[in-house]
Amino acid sequence: MDNARGPGRILVILYAAAVALAAMFILSVPVRAFSAELDMPVPTVVVYPGQNVFERGLDRKAYVVKDEKLGLYVADESMLEGRVARRTLLPGRPILLSDLKLADVVSAGAAVTLVYEADGLMITGLGTALQSAPAGELVRVRNADSGVIVSGVVAPDGSVRIPG
């Protein structure tokens, strides 16, 4: 019974104090988010909405980006192919993917070819696009002959495919 009050008890108290100090040290160290330094493409001049970033000029600049935000930025020039600025891009600033959109193949007010295909039958006509859109997107078009407004999908060649 006297052993419980002897050197064994002192060792237990010292061990508990050491564990408490270690826990306080571990909890006091801030958790650092993982990040990476990337060499990203940046515009060399102001790029306005609708302009091609490649045509305006690119440079590369190193930025530290947190891991969870890596997917938000343009990390390589190949990610810019076929895309234009959705909003104004400033020189020397990294480009967010949300700042880009596909280039419009059809412009609002432009004449387009309407194409309807079904069961081996193909009918074409002329229309006027009522809105701008990239390939693969739904667009409204006014038929030049009837004045009827139809919706169709923009093809890569600039024609509008009317679903059958």
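**Salt bridges in the predicted model**

D39, R60 and E77 are joined in a network of salt bridges. The structure is a predicted model, and a search over the whole of it returns 6 salt bridges.

Within the network, the side chains of E77 and R60 form a salt bridge with an N to O distance of 2.6 Å. R60 belongs to strand β2 (58-66), whereas E77 lies in the loop between β2 and β3 (83-85), so this pair ties together parts that are 17 residues apart in sequence. Both side chains belong to partly exposed residues: E77 has a relative accessible area of 23%, and R60 has one of 33%.

A further salt bridge is formed by D99 and R87, whose closest N and O atoms are 2.5 Å apart. D99 and R87 both lie in the loop between β3 and β4 (100-102), and the pair therefore ties together parts that are 12 residues apart in sequence. The two partners fall into separate accessibility classes. D99 is buried, with a relative accessible area of 9%, while R87 is partly exposed at 40%. The value for D99 is under 20%, the limit below which a residue counts as buried.

K101 and D104 also meet through their side chains in a salt bridge, with an N to O distance of 3.9 Å. This distance falls within the 4 Å cut-off, so the contact counts as a salt bridge. K101 is partly exposed, with a relative accessibility of 28%. D104 is likewise partly exposed, with a relative accessibility of 35%.

How values were computed
Residues are numbered from 1 along each chain as its sequence is written. This is a predicted model: local features need pLDDT of at least 70, side-chain atom pairs count only at pLDDT 80 or more; totals for chains, interfaces and linings use all residues. Side-chain values use heavy atoms; hydrogens and water are left out. Helices (H or I, at least four residues) and strands (E, at least two) are DSSP runs, numbered from the N terminus. Buried means under 20% relative accessible area, exposed over 50%, partly exposed in between (1.4 Å probe, protein chains only).
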